[in-house]
Every structure is written in structure tokens, then in C-alpha cells.
Amino acid sequence: MQHPSYKQQSGLVMIVLLTIIMVGGLAWLLQGLNRNQYDLARQTQTIEALADAKEALIAFAVTYPDHDEGDKAGFYGFLPCPDTNDGMNDEGDQDVSCGSQDENSLGRLPWKTLGIAPLRDGDGECLWYAVSGSYKNWIRTDLLNEDRAGRFIVREANNTATADRIIGRSGTDKYPERPVALIIAPGKVLTAQDRTPDGSASICGGNYSAANYLDIDNASSGGSGINNAELGTGTDVGEIENAIMSSFPRNDSVNDVIAYVTQADIFDAVRRRAEFQQNLQCLTQIAAQCLAKYGRDNGRLPWAGTVALPDYTANASYVDDASITHLGRLPNTLTNSNTQLSISSPAFLLSNGSDFLCDVSSLDSTTLSQCTAPSTLTPSELAMCDGQSTTTACQNKKNEAVTAARRLWEHWKDHFFYAVSADFTPTGTPTTECTNCVTVNEIKYAGFVLLAGKAAEITEITEITLIQLQHRNMSPDIETVNALKQYVDLDDSLDINNTGDDDAYTYLADSVRTEYDDFIVCIGTDLAATSVNPCTIP
């Protein structure tokens, strides 16, 4: 038998070694490929879960007026409270109450309340959720509309004390652009986090301790010090809070991934509801009819309210003011006009905070022409209220149309303005000829009610960006809502500062130019209900 030579054996060894190396290299490549595919799959699942949660939250806010068989009629834009395991609800349900009014709140995403299955990120963890105090549905804020900014700033961990800002600015900036809600994917467990099940979350697993899921960008390691687990724990009403999220790929100290909901996400969708704009225009005509009735009963119209207010969210701030001779805010409390006219009633134009206190019992579909379909404020229901708090049809939740009208005014009250002619103020001398009257499109009126449209913006073509022309910021941001120009559509012939002698106004609507969307109802000089109609557009 002939034995292989040393050279032949060496050749065989080399072939075997090369085979082993090739197989090992292929295995390494496959392992890396599989790992990358796994990471991609995890990231995809996380993104999809966050997107589904955001869609569900927006849908909840947009359809909020329809909840509880219409019991929430007139409320638009509210978001659910988080699920914090308050002991009063099942897992996945929102809490009955989530902190004091206007305070932010944090917990797990209330998937059951949203009508969806529990959503999990790529690491199998259920999502968490933080909501701005001004958007949570209990305890509800006193004013929520498309101009209310959120309370969160989102930053990205970058191993510096500042952290890169993704969205949102502080209260010292004219463009807050802050999210109203955050959805947080907690990712895999990190050092010092303990997700041992404690029996409180049988479906999602683990426990309800935010610190065991949400991350801190440790300042001791050169980070910003932002702690997501502390969102909603502040005691300051209206507090602006920072949240931190991981950069991609996720790092070992911060692996939270955040999706956010903005006020535009919600209210752009709200404006697409068929009845929404019609309801606001109906309310504008209701307010004008209430003013006209005040004039018929007392011989004069009340003064307008001041534009700059101590608190724009409070109903009590909307008071008539003798120093506002013409265009101002629509007043609700009529103390000064009543004193001048030596009367005590009505103390309120529309609402005492709980009941609707305007007598609309003599009105119908003709005198409430803006309250027809698709408006849900139907004239037949409205006409059941005689303005008395003792009348069932005027009381909260006893009449859906009346209740919705009151709630609409309370949450959009900063959008309503009112001009009264000098001849028709409590110290004037009314005449049908109207010597000293405001004119709208060259027609004399005793006064008018204006509903301000969406804050004006234009498109900068060269940059393909939107430039905001009107800024409606209130505390804690730089206050800009104290100026008429932030609400009223501008034109050379519109004397918004009341400095002209003729008090001539031009009613501009989208049939004239698309950027104008104010709506005005004029009150005729005879103060008759049939003379309270949308102003004529040129």
C-alpha cells in the first residue's frame, strides 16, 4: 500500500482548512444578515405599532363629540387619559381621572378605550402614552380649539447636555409647535429596569412602573438628564416638558422611540367633519340673535369686551367694557351694560358656566338659517330653551343642541368678536336711520358678530414651506392673542383698530380670496330677529 506523501497531506489539510474558513465565513455572513433582518423587522414592527396608535388617538379626538351616544356633543379634540392602573378600570382602559385640570399625564396606552388590540413594539412591549393637560378628556380644560399648543418638546439623545430638538419649542418662542400627545415604544429592558410581572398587567405583562420601561438620558454620562418616566409628574399647571428618544440605531442608554400627535393632526381632521364649520356658523348667528333680543328688550345693545384678557380660557374674563366703543370680543358677562341701563337681567349673554341662558324660544329655521343641515344644532331643539336655568331644555345635558351650543362657545369663545354702533351702545341713541353706525360692505348695521377662521398662513414657494401670518399664542408662550390682527382677516378697508371715522368694514370671505375665512352675521338697525343674517359678501 502506498502512503500519501507529506506534500499531498499538506494539500489535503489546506483544502479542509479553506473549507472550514469558507463555511465559517458563510455562517458569519448569514448570522449578520439574519441579525440585520431581525433588527429591521423589530424596527418595522415598532414603527407600525406607533403609527397605528397615532391613528387611533386622532380618530378618538375627532369623533369625541359622538362618544357616549352623543353625550359629548360640542366637544372637539379631546384625547383619552392614559391607563395608569388606578384600580378602578380594567387593563387597557383609560383612567377615570388623570390628575388636576391642565396637568400632563403619563401611563400605558389605553388600547381598550381606543377600540384596538394591545399594540406592541418590536421587543414585544406594550406602548406607553403621555397627554398634554390641555387635551386630556378629564379633567377637561376650559378652552380647547385648534390654537391650543401642546405641552411637550421631543429631543433626540446625542450624548450632549442639550440633546437635539426634533419638535417643539419653549414658551419664549413665537412658534411653539409642540406635540399634544406622545406615544412611546419602550424597547428592550435596560440596566436598572425591572419588568418582573407583578400581576397588574396580565395582558401586556410586566408592571406599571414607568421607570422600568421609560428611559433617562443620564447627565452623569454626558447626557441631557431628561427622564421620560417623569413625564406628567410635575405640579405646575400647563408645564412644558421635555421627552428624549433614541437615535437610530438605538443605543444602550436610551432606546425609547417616540411618535407624536400635533394640534394640526387633530383639528385639520376635525375641520373635515361635515357639521363642524356649520355648527360654528350656527353659533355665530345664535350669538347675534341673543344680542338683538337684548337690544329689543332694553333699547340698546351691550358694549363689546376687551381684546386683551387676564385669562383667555376663563368664561369670566369675557366681560363687556364701556371703553371698547366698537370692535372687541363677544362679551358673555354683561355687568357694565346692565348697570348703565339700570337692569339686572340677563346677567349673561349665552352661558352661566353650566346652563344655556339665551332665550331662543321665538326663533325657527328662518331666523336661524345657519343652523340647518349639516349642523347638528337644530332650530327645533334650540327653540325649546327660553333662557331660564329652571327650564329643563336649557340645562346641561337635557337638550343636546343647546348643550352642544354652550360647549362650543366655551371652547371657541376666543374666536368670537363683536362690533356695536355708537348709536346702539348703552349710552347711544338708536335710530333706524343710524347716524353713527358701523357699515359692512357699505350697508349700515346696529352691529355684527364675527367668527374668526383658521389662523392665516401662506406658502413660501421658494422654500415649499408654510409661513404663519397669525399667531394665537397664550400663556405660557409669548402672548399674541391680545391683538385683533391675530384673528381678523386684514384688508385696507377693515379698520380693526377703530381709529377711523367711518367705522367701515369689508367682509372678506373665501368667495373673494381663499385666504379669508372669517364669518360675519350682521344685526339690522331694527333689531328684528328676521334682520339677523350673514352679512352680504361683495
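**Strands, cores and salt bridges in a predicted model**

Let me start with a pair of strands: β5, residues 181-185, and β7, residues 257-261, run antiparallel and are joined by five bridges. I should say at once that this is a predicted model, and everything that follows should be heard with that in mind. Within the pair, Ile 183 has Ala 259 of β7 as its bridge partner. Strand β7 has four of its five residues buried, so the rest of the structure largely encloses it. As a reminder for reading any such strand on the screen, side chains in a regular strand alternate between the two faces of the sheet.

Turning to the sheet further along the chain, five strands form an open, antiparallel sheet, and their order is β8-β9-β12-β16-β17. At its edges are β8, residues 328-329, and β17, residues 532-534, each of which pairs on one side only. Inside that order, β9 pairs with β12, residues 447-451, in the antiparallel sense and over five bridges, and there Tyr 418 has Val 449 of β12 as its bridge partner.

Strand β9, residues 416-420, also brings us to helix α8, because β9 is included, together with α4, α5 and α7, in what covers the buried residues of that helix. How many of the residues of α8 are buried? The count is 12 of its 13, so that α8 is mostly covered, and the buried residues include Arg 406, Arg 407, Glu 410 and His 411 as well as Leu 408, Trp 409 and Trp 412. The geometry of this helix can be checked with a simple calculation: at 1.5 Å a residue, the 13 residues from 400 to 412 should span 18 Å, and the end C-alpha atoms are indeed 18 Å apart, which agrees. At the start of α8, a side-chain oxygen of Asn 399 comes to within 3.1 Å of the backbone nitrogen of Ala 401.

Now to the nonpolar interior. In soluble globular proteins, nonpolar side chains tend to be buried together. Here the largest nonpolar core has 101 residues, and those with the most contacts inside it are Leu 79, Ile 286, Leu 330, Leu 350 and Leu 382. Helix α5 gives the largest share of this core, with 11 residues. Apart from this core lies another, of 22 residues, with Leu 327, Val 440, Leu 450 and Cys 535 among them. Going back to Leu 79, and leaving aside neighbours within four places in sequence, we find this residue in contact with, among others, Leu 57, Phe 60, Tyr 129, Val 131, Val 180 and Ile 266.

A smaller example of packing is Ala 49, which lies in helix α1. Is Ala 49 buried or exposed? At a relative accessibility of 4%, Ala 49 counts as buried. Beyond its neighbours within four places in sequence, Ala 49 is in contact with Leu 119, Arg 120 and Leu 127, and the C-alpha atoms of Ala 49 and Leu 119 are separated by 5.7 Å although the two residues are 70 apart along the chain.

Finally, the charged pairs, of which a search of the whole structure finds 17 that qualify as salt bridges. One of them joins Asp 123 and Arg 42, with the closest N and O atoms 2.9 Å apart. Because Asp 123 sits in the loop between α3 and β2 while Arg 42 belongs to helix α1, residues 6-62, this pair ties together parts that are 81 residues apart in sequence. Asp 123 itself is partly exposed, with a relative accessible area of 24%.

A second pair is Arg 271 with Glu 146, where the closest N and O atoms are 2.7 Å apart. Arg 271 is in the loop between α4 and α5, and Glu 146 in the loop between β2 and β3, so that this pair links distant parts of the chain, 125 residues apart. Glu 146 is buried, at 9% relative accessible area, whereas Arg 271 is partly exposed, at 24%.

A third pair, Asp 359 with Lys 293, has its closest N and O atoms 4.0 Å apart. Asp 359 lies in the loop between α6 and α7 and Lys 293 in helix α5, so this pair ties together parts 66 residues apart in sequence. To end, Asp 68, Asp 71, Lys 72 and Lys 397 are linked in a network of salt bridges.

Notes: Residues are numbered from 1 along each chain as its sequence is written. This is a predicted model: local features need pLDDT of at least 70, side-chain atom pairs count only at pLDDT 80 or more; totals for chains, interfaces and linings use all residues. Side-chain values use heavy atoms; hydrogens and water are left out. A salt bridge is a side-chain nitrogen of Lys or Arg within 4 Å of a carboxyl oxygen of Asp or Glu. Helices (H or I, at least four residues) and strands (E, at least two) are DSSP runs, numbered from the N terminus. Buried means under 20% relative accessible area, exposed over 50%, partly exposed in between (1.4 Å probe, protein chains only). The expected span of a helix is 1.5 Å times one less than its number of residues. Contact means heavy atoms within 4.5 Å. A polar contact is a pair of N or O atoms within 3.5 Å; within protein, one must be able to donate a hydrogen and the other to accept it, and residues adjacent in sequence count only if both atoms are side-chain atoms. Two strands pair if DSSP finds at least two bridges between them. A nonpolar core is a set of buried Ala, Val, Leu, Ile, Met, Phe, Trp, Tyr and Cys residues joined through side-chain atoms within 4.5 Å.
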